[in-house]
Structure formats: structure tokens, C-alpha cells
Amino acid sequence: MTDKKQDTEDLLKNITKTELIELDSCTRCSECLNWCCIQDATEDPSISPPEKISQFKNIIQKHYSIRAKILGKKPITDEEIKKFQDAVYTCTGCGQCGEVCTAGIHTQRLWGSLRRKLVDMGYKPPGGLPNLLKNAKKYHSIFPHSLELRYKIWMPEGIKIEEKAELAYFEGCDVAWDAPAMASSTVKILNAAKQPFTMLEPEEAWCCGWPLTVTGQWEIMEELVEHNIEAYEKRGVERLVCSCPCCLQEFRDVWPKVYKAKLPFEVLHITEIIADLIDENRIEFTKPANETVTYHDPCQLTRGLKGPEVHEAPRKILKSIPELEYVELPRKGSMTRCCGAGGGIRGHKPDVAMRMGQMLIRDAEESGADTFLMNCPACYAMYIYRRLGKLDEWKNMQPGIKMDDIIKYAERHL
């Protein structure tokens, strides 16, 4: 779990003043426990948001409290760190706790900073999560495959891609390797609308960095960000569009911090582009659905996002498909239920991820819909490919509802 460096001399490194204030702001009102999907799955208050905050505050106070300054610092035990590490990584980083926090704590940002703090102290992320950094260093992707192969997996024949264009499409590592149908349907829709777009060569399209930052592993972020921005600038890009909600979150929130300037292009989600194409009468869905559909808002499109939430665009797409009856899930928008696929929890605690997934499927089944649509490669990998290690209970589960990706579904109704 750790390489035993445990540098505790600067516990406040990479913790902002705002985050220090937030650590002192938790009132332990427990409102977050009423909404936390991790709590729904585990019923374990020892890993709850207030407890995570309390544990880290206790660690800091051993070095930085008035008592510590007068009487001397107390040693921080390995047991304390291990307990805190388990609590802060048994989390998807979905941000629901921050959405309902009565003190206004931006927990989604705070958990990432605390994970980064652990890595700074020499504690590697648990389970197989360190492989994300290892692969990114070797392949510039979190997956251990050559980037040259990625477009061969999903790129349809006859798709026109410009050498330079105002609009660029970035499908992202997780889409390419875990949800290729999302990318394939995206470029088909763009071509059908006669929307010019460019893409980087496959070996140029490096990871956006989200899986690294969300697990606290910032070591090569500057290299990834500067490479990608420079590559898109060379292609004259003014709008960068992606399929993955986590990529969008990374573009909007992390890239400007690493780049230390405003990005030279606007960043958007693919559903926003398609919604605009519908408004401009450049795309029309003509094949009737003849069924009832429900849709799950991805966490990273609806809360914690630096910029407007992406809520209406997916619904506009669905409501443009003829003879489709749309019903909402009981939790939607900024209150959406986390699917259990993000934040590294699939690798750290797959059993918890499975229980979270079962709860969301139950919500979808109870909505009365025939088809349950998602809009995220992590959701796709978990629900379509059932990638949760060797959990046979999950792989063999037979939901009472069909499941698909929203863009793939829309493309079939052109």
C-alpha cells in the first residue's frame, strides 16, 4: 500500500486555504449520509464524509494545532493513515455529499485533494490504482495498449475527418477501450449532420488525466496537459468536444490550473453539440422508438462541474426521437444517484460498486421504462460490459430493463 516514505513534514502541501476552512466547517449534521450512495451500499458511517474530514483534521492537528506548537508534534501512526486512506478511497467522488452539504463544502474537490495529499506522503493508492499512472507513463493512456490501435477498434469506414477544423472530437481512453460504441455513433452523427471536425492522430491523443487526478496521482499531469493543448492548437481548434463526462470535468477544472491560463478553446460535451445541430435543423431523427425510455444523469455532467451543468441537452435529443415516451428517474440532475463506476472504486471495492449499481438498476426498473440510457463510458463498462473483476453475481445478473448509451441509441434512430 505504501512505499514508506511518509513525508509528514508538510501536511498542508497542495491543500488550499479554502479547503482548510472547509475541514473546519463540517457541522456533522449528517445530511450527506441521507444521500451518499456509498452509505446506501455499505451502511458504514466510519467511511462517511464527516468521518473522513474528522480523521484528516486529527492528523493535521498532531502537527499544526496550538497544542502541537506548544508541546511538540505527535507522531502520526501508520494505522491512522491506513484507516483514513480506506475511507477516502471508498468513494466514487460523485459529489452528491457536497451538493447537499449545509456548510457548502465542495467535497468533490476536497476528496481529490486529500487523495493527492496521501500520494505526496508516499502512500500509493490502494489495489491496482497505481497501474493507472504506470500505464500513463508508458502508453500515455490508463490502458496498457498502444495508442496507435485505438481508432482501429471503433472508427467506422467512410468517416470524414478534417486535417484542421474549428471543432475537434476527443473520444478519451475509457471510451476507446471500454465503450467504443459511444465514439462510433458520435462520428456517424457528426458526419450525418455534415459537421466538419478534426481529430488528433491516435498516437497524439493522450489521456486527459482524469483517472490520475481523481486518484491523487499528479506526477505527469503537466506533460499530458501541455501536449494535448499544443496538439489541438496546431489544428486550429476553437471548440473541443468529448463523449466522456470525466474528460469534460478535467478540461474545465484541472487543465486551466495545470496550464496556468485560460484554455485556447471552448470545451463542450457531445450532447451539447448534437442539441445545437437539432436546433439548427441539421440533424433529424426519423426512425420511431415505439417505447418508453429513461435516462441517468452522469455525476460529472451535473454536479461539481466548473461551468454550466449538462442537463437539458441529453433530454432534447431524446425528445426529438419520434414516438419515444420519456420518463425521469426519481433522482435526476444534481441529485442523480451515482452508478458506482467512478473514482477508482471499481478497482478498490468492486463489491461496493456492484451494490451501488444494483440500486440504480432498481430505480430504472421501477420507472416503468423499457430502456435505460446512460451517457458515460464508466457506466457503459459497468452496465454493458459488466467489468467488475470476477464478481459472478454481477456478471450473471439479469436486469428487467434494456440498457444502452444515449448517443448510440440516438444514432440508431437517424
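In this predicted model, strand S4 (residues 291-295) runs parallel to strand S6 (residues 371-374), and three bridges join the two. S4 also pairs in the parallel sense with strand S5 (residues 324-327), over four bridges. Two pockets are described after the strands: the largest holds about 940 Å³ of space, and the second largest about 500 Å³.

**Strand S4 and its partners**
- Tyr295 of S4 stands opposite Leu373 in S6.
- Glu291 stands opposite Leu324 in S5.
- Five of the five residues of S4 are buried.
- Glu291, Val293 and Tyr295 lie on one side of S4, Thr292 and Thr294 on the other, and both faces are covered.

**Largest pocket**
- The lining of the largest pocket has 46 residues, and Leu132, Ile142, Asp174, Ala341 and Arg346 are the closest to the centre.
- By class, this lining has 27 nonpolar, 14 polar and five charged residues.
- Helices that each supply at least two lining residues include H8 (130-139), H14 (245-259), H18 (345-348) and H20 (377-383).
- Helix H10 gives the largest share of the lining, four residues.

**Second largest pocket**
- Lining the second largest pocket are 23 residues, with Arg109, Ser113, Trp218, Asp253 and Lys257 nearest its centre.
- Six of the lining residues are nonpolar, ten polar and seven charged.
- Helix H7 (107-120), H12 and H14 each supply at least two residues of this lining.
- H7 gives the most, with seven residues.

**Helices at both pockets**
- H12 and H14 each supply at least two residues to the lining of the largest pocket and at least two to that of the second largest.

Key. Residues are numbered from 1 along each chain as its sequence is written. This is a predicted model: local features need pLDDT of at least 70, side-chain atom pairs count only at pLDDT 80 or more; totals for chains, interfaces and linings use all residues. Side-chain values use heavy atoms; hydrogens and water are left out. Buried means under 20% relative accessible area, exposed over 50%, partly exposed in between (1.4 Å probe, protein chains only). Two strands pair if DSSP finds at least two bridges between them. On a 1 Å grid over the protein atoms alone, a cavity is a set of points where a 1.4 Å probe fits but cannot get out, and a pocket is an open set with protein on both sides within 12 Å along at least five of seven lines; lining residues have an atom within 4 Å of a point. Grid points are joined across faces, edges and corners, and a volume is the space filled by probe spheres set on the points. Ala, Val, Leu, Ile, Met, Phe, Trp, Tyr, Cys and Pro count as nonpolar, Asp, Glu, Lys and Arg as charged, and the others, Gly among them, as polar.
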